Amino acid sequence: MKLALFDDHRLGAVVGGDDDSTAGLVDITDALPWPHDPDPLTAGWWRRLCRDFDQVRDALRDAAAAGSPVPLDEVRLLAPALNPSKIVAAASNYAAHVEEMHGVQQRTLGRVESWMMHFDVFLKSPSAMAGPCDEIVLPAAELEAGHEIHHESELVAIVGRGGKDIPVAGALDHVLGYTIGLDITVRSPADRSRRKSHDTFAPLGPWITTADEAGDPADLDIALQVNGTDRQRVNTRDLLTGVGEIVSYASHMMTLLPGDVLFTGAPPGVGPIAPGDVLDARISRLGRLRLPVRDDGLPGDGCPTDRAVATGTA
Ligand code: MN
C-alpha cells in the first residue's frame with residue numbers, strides 16, 4: 001500500500017499509479033479500528049498504525065479498494081511521518097560520496113575531517129520535517145555567513161515495529177515502508193545536529209510505500225534533479241551499509257520506536273542549493289518529491305500543482 005498523510009493529518013491510500021500525475025487518493029481514516037486524532041503532536045494513532053500495521057493492513061486495503069479516489073492536487077499532502085521520537089540518519093554510506101566529501105570539506109572547511117569519512121549514524125531534529133507541499137527555507141544567517149547549503153537525496157525507511165538490539169537477520173521486518181527524503185545540510189564547522197536540523201531541512205514524501213510493495217530496498221534507483229539538471233543518480237545496491245544493517249546498528253545504540261524515521265545516506269553528487277531552485281527527487285517505486293527553495297525573508301507560494309520549473313522567487 002501507499003500510505004499518505006493529508007489535509008488535517010488524515011490517513012490516505014494512494015491508488016492508481018506511482019507518479020502524482022496519474023495517482024489518486026482515497027481517505028481511509030475511518031477504516032482505522034482505533035480513534036483518529038488530528039493533533040500531530042500526540043500522534044498516538046499514527047505510532048500505533050506503524051507498530052500494528054500487519055493487523056490492519058487488510059481492512060485498510062479493503063477501504064482503499066472500495067473508496068472513490070480524488071485527484072492528488074485536490075488534497076494537501078503532508079510529510080508521511082507524525083512527530084517521530086527521532087530521525088536517525090546514516091553518514092558516509094556510499095563510497096563515491098565519501099570520496100567527493102574530501103573535496104567538499106577542503107573547500108568549505110579548509111581541511112578534511114577524517115572521522116567523518118566512516119559510516120555512522122547521527123540524529124536530525126524531527127521538527128525539521130517538511131512535506132511535499134512545503135518549501136525548503138534557507139536561514140538568512142547561514143546564507144549571510146557564506147556557508148554552502150547542500151541537498152542530499154536519500155532513501156528513507158519508516159520504522160514499524162521498533163526494538164532494541166535488533167539482529168541483522170530479520171531487521172527489515174521492523175521497517176513499515178519507505179519514502180523519499182532530502183537531508184538538507186549546511187556545510188560549516190558546526191555539529192551535524194545543528195547543520196541539519198533547521199526547520200524544513202528534512203522534507204519527506206510523497207507517501208510511504210509499504211515494505212511489501214516497495215520490494216528489495218537494495219535495488220532502488222535514486223535520482224535528483226535541480227532546476228531540471230541531473231545532480232544525483234545512484235542505485236541503493238551501492239549502499240555500503242544496507243537498510244537492515246542500519247536498523248540493527250542504530251538499535252544497538254538506541255531503542256527504535258514505531259514511526260521513527262531513518263535516512264540511509266547521501267549518494268554522490270551533493271551540491272549547493274539557492275533560493276529559487278526547485279529540487280525534484282525520484283526513487284523507483286516510491287514516487288517523486290518536488291520542493292522549491294526560498295530564503296526566510298520571502299513568503300511561500302502555497303502548493304502549486306506543477307513544480308517542474310523554477311518558481312522564480314530568487
Ligand atoms: Mn545525509
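## Cavity, metal site and strands

Helix H2 gives the most to the lining of the largest cavity, with six residues. The structure is a predicted model, in which local features need pLDDT of at least 70, side-chain atom pairs count only at pLDDT 80 or more, and totals for chains, interfaces and linings use all residues. Residues are numbered from 1 along each chain as its sequence is written, and side-chain values use heavy atoms, with hydrogens and water left out.

### Enclosed and open spaces

A cavity is a set of points on a 1 Å grid over the protein atoms alone where a 1.4 Å probe fits but cannot get out, whereas a pocket is an open set with protein on both sides within 12 Å along at least five of seven lines; lining residues have an atom within 4 Å of a point. Points are joined across faces, edges and corners, and a volume is the space filled by probe spheres set on them.

By this rule there is one cavity of 30 Å³ or more, and the largest cavity holds about 220 Å³ of space. Its lining is made of 19 residues, and those nearest the centre are His97, Met101, Met116, Arg187 and Arg192. Besides helix H2 (95-109), strand E6 (87-91) and helix H4 (192-195) each supply at least two residues of this lining; helices (H or I, at least four residues) and strands (E, at least two) are DSSP runs numbered from the N terminus. Sorted by class, the lining of the largest cavity has nine nonpolar, five polar and five charged residues, where Ala, Val, Leu, Ile, Met, Phe, Trp, Tyr, Cys and Pro count as nonpolar, Asp, Glu, Lys and Arg as charged, and the others, Gly among them, as polar.

The second largest pocket contains about 280 Å³ of space. It is lined by 17 residues, of which His9, Ala79, Ala81, Leu82 and Met129 are the closest to its centre, and by class this lining has 11 nonpolar, four polar and two charged residues.

### The manganese site

Which residues coordinate the manganese ion? Glu152 and Glu154, through OE atoms, and Asp183, through OD, do so at 2.0 to 2.1 Å; donors are N, O and S atoms within 2.8 Å of the metal (3.2 Å for Na, K and Ca), and water is not among the atoms, so sites may look incomplete. Along the chain, the donors of the manganese ion follow the spacing E-x1-E-x28-D. Glu152 counts as buried because its relative accessibility is 5%, and Glu154 is likewise buried, at a relative accessible area of 0%; buried means under 20% relative accessible area, exposed over 50%, and partly exposed in between (1.4 Å probe, protein chains only).

### How the strands pair

Two strands pair if DSSP finds at least two bridges between them. The pairs described below are listed here.

| Strand pair | Bridges | Direction |
|---|---|---|
| E15 (221-226) and E19 (278-283) | five bridges | antiparallel |
| E15 and E16 | six bridges | antiparallel |
| E1 and E2 (10-15) | four bridges | antiparallel |
| E1 and E14 (202-210) | two bridges | antiparallel |
| E1 and E5 (77-78) | two bridges | antiparallel |

An open sheet of five strands runs in the order E9-E20-E19-E15-E16, with mixed pairing. Strand E9 (136-138) and strand E16 (229-235) are its edge strands, each pairing on one side only. Within strand E15, Ile222 stands opposite Ile283 in E19 and also opposite Val234 in E16. The hairpin of E15 and E16 has two residues between the strands, and Asn227 there takes a positive phi near 50°.

Leading into the edge strand E9, the loop that follows strand E8 (129-130) holds Glu135, which counts as buried because its relative accessibility is 11%. Glu135 and Leu220 are 85 residues apart in sequence, with their C-alpha atoms 25 Å apart in space.

### Strand E1 and its partners

Is strand E1 mostly covered or mostly open? Strand E1 (residues 2-6) is mostly covered, since five of its five residues are buried. Its two faces are both covered, with Lys2, Ala4 and Phe6 buried on one side and Leu3 and Leu5 buried on the other.

Residues of one of these faces can be followed to the partner strands: Lys2 stands opposite Thr209 in E14, Ala4 has Gly12 in E2 as its bridge partner, and Phe6 stands opposite Leu77 in E5. E1 and E2 form a hairpin with three residues between them, and in its turn Asp7 has a positive phi of about 50°.
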